[in-house]
Amino acid sequence: MGNLTHQAILEMGRYRELTIAGDEAEIAKSLHRFMLRLRLCEEALAREYHPADEMRCPVHFCVGQEAVPAALSLLLRDDDYLYCHHRSHGYYLAKSAPMKALFAELYGKSTGANAGLAGSQDISYPSRGFFSGAILAGATAIAAGSALAFQLERSDRVAVAGFGESATDEGIFWETVNYAALAKLPVVFVCENNNYSVFSPQLKRTALDNISARVEAFGMSCRTISNDHFPSKASFSRAMTWWPSTYSTGPSRPLRRLIWAGSKGFSSSSRFIAGPPFRGPAGPGGPGSRIGGRPGGRHCRRPRRFHPRKCAAQA
């Protein structure tokens with residue numbers, strides 16, 4: 001069959017005539033399995049977030065954003081690095097980190113991924129190459145640093161940075177894009193764009209909403225894709241394909257040119273941007289470590305509880 005997208009399925013009508021040929025069937029099952037598992041995880045956390053008021057940190061859910069981490073889960077290798085923003089649960093599971101450790105972390109338990117010190121926004125799982133952080137645009141710069149280290153090591157690993165479009169309002173984002181393009185780092189940037197920074201429409205913050213076009217001006221190849229899982233997987237797969245290496249005795253997967261792909265984000269009106277693939281150096285190590293420095297941080301476990309309304313405002 002042709003491209004399997006939401007629009008194509010709607011035009012086909014009822015599913016009784018739908019067939020998926022070749023390997024697409026298994027891929028579709030794997031993507032659906034991941035997306036369903038992630039949605040059930042988020043819904044379970046949401047049900048217990050405010051009524052019980054036992055979670056020891058602000059929690060940002062990723063309901064509706066399942067397609068991107070689902071696609072990445074099929075493409076990233078165990079030794080690849082994945083950095084992301086504070087809406088981290090989908091990316092966490094994309095790197096096959098254990099769900100029990102995620103739940104325990106949110107409840108501030110010692111059995112959590114970071115011994116209950118990092119919480120939802122700063123959770124990491126170093127042994128799986130996953131790190132999140134609440135610093136806006138922080139994932140992009142750290143991913144580029146890891147990519148540079150991979151490049152210097154002549155490794156064939158890739159680093160991926162996930163972020164929202166609000167990160168593109170930060171100067172460090174553009175500095176990172178410029179250097180990544182200049183140095184041809186093996187890094188992929190993934191921008192999940194829903195056109196809102198909490199309550200600030202994108203066109204209220206910038207004169208134009210052409211993020212991909214602005215990134216292209218730095219010498220990166222860009223692609224805008226939908227929130228469908230098949231196009232997401234295809235775009236990421238192309239972004240992680242490597243051209244012949246200039247190394248005389250290089251890695252098995254030669255270093256590739258940067259790619260910045262754009263896409264539709266996690267709501268019907270959103271956009272998503274995927275960028276260059278990166279294979280980065282060993283990042284922060286040790287249990288309890290996290291992106292951006294010491295374990296814990298501003299929202300670490302404390303004796304007091306966060307006020308539900310304040311948490312809701314941050315979410």
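In the predicted model, helix α2 (24–52) comprises 29 residues, for which a rise of 1.5 Å a residue gives an expected span of 42 Å; the end C-alpha atoms are 42 Å apart, in agreement with that value. The buried positions of α2 are Ala28, Leu31, Phe34, Leu38, Cys41, Glu42, Leu45 and Tyr49. Just after the helix, aspartate 53 adopts a positive phi of about 55 degrees.

Helix α2 is also the element that gives the most to the largest nonpolar core, with six residues. This core has 33 residues, and those with the most contacts inside it are Leu82, Tyr91, Tyr92 and Val160. Two or more residues are given to the core by each of α2, α3, β1, α4 (89–94), α5 (99–106) and β5 (187–193). The surroundings of leucine 82 illustrate how distant parts of the sequence are brought together: leaving aside neighbours within four places in sequence, leucine 82 is in contact with Leu72, Leu76, Tyr91, Ala94, Lys95, Gly129, Phe130, Phe131 and Val160. A second, separate core of 26 residues includes Tyr81, Ala137, Phe163 and Met220. In soluble globular proteins, nonpolar side chains tend to be buried together.

Among the elements that give residues to the largest core, α5 is largely enclosed by the rest of the structure, because six of its eight residues are buried. These are Met99, Ala101, Leu102, Ala104, Glu105 and Leu106. The cover over the buried residues of α5 includes α2, α4 and β2. The helix is followed by glycine 108, whose phi is positive, near 70 degrees.

Strand β4 (residues 159–164) is likewise largely enclosed by the rest of the structure, since five of its six residues are buried. Strands β1 and β4 run parallel and are joined by three bridges, with tyrosine 81 opposite alanine 159 of β4. The pairing of β4 with β5 is also parallel and extends over six bridges; here valine 160 has valine 188 of β5 as its bridge partner. Between β4 and β5 the chain passes through helix α7 (residues 171–183), and the resulting β-α-β crossover is right-handed. Two of the residues in these pairings recur in the cores: Val160 is one of the residues with the most contacts inside the largest core, whereas Tyr81 is included in the second core.

The count of salt bridges comes to eight. In one of them, the side chains of arginine 77 and aspartate 79 meet with an N to O distance of 3.0 Å. Both partners are partly exposed, as the relative accessible area is 30% for aspartate 79 and 26% for arginine 77. Another salt bridge links arginine 128 to aspartate 78, with the closest N and O atoms 3.0 Å apart. Arginine 128 lies in the loop between β2 (124–125) and β3 (130–132) and aspartate 78 in the loop between α3 (67–75) and β1 (81–84), so this pair ties together parts that are 50 residues apart in sequence. Arginine 128 is partly exposed at 22% relative accessibility, whereas aspartate 78 is exposed at 55%. A further salt bridge forms between arginine 157 and glutamate 153, where the closest N and O atoms are 3.6 Å apart. Arginine 157 is buried, its relative accessible area being 16%. Through shared partners, salt bridges also join Arg77, Asp79 and Asp156 into one network.

Note on methods:
Residues numbered from 1 in each chain as written. Predicted model: local features only at pLDDT ≥ 70, side-chain atom pairs only at ≥ 80, totals over all residues. Heavy atoms only, no water. Salt bridge = Lys/Arg side-chain N within 4 Å of Asp/Glu carboxyl O. Buried < 20%, exposed > 50% of the residue type's maximum accessible area, 1.4 Å probe, protein only. Helix = DSSP H or I, 4+ residues; strand = E, 2+ residues; numbered from the N terminus. Core = buried A, V, L, I, M, F, W, Y, C linked by side-chain atoms within 4.5 Å. Contact = heavy atoms within 4.5 Å. Expected span 1.5 Å × (residues − 1). Pairing = 2+ DSSP bridges. Right-handed = clockwise from strand over helix to strand, strands pointing away.
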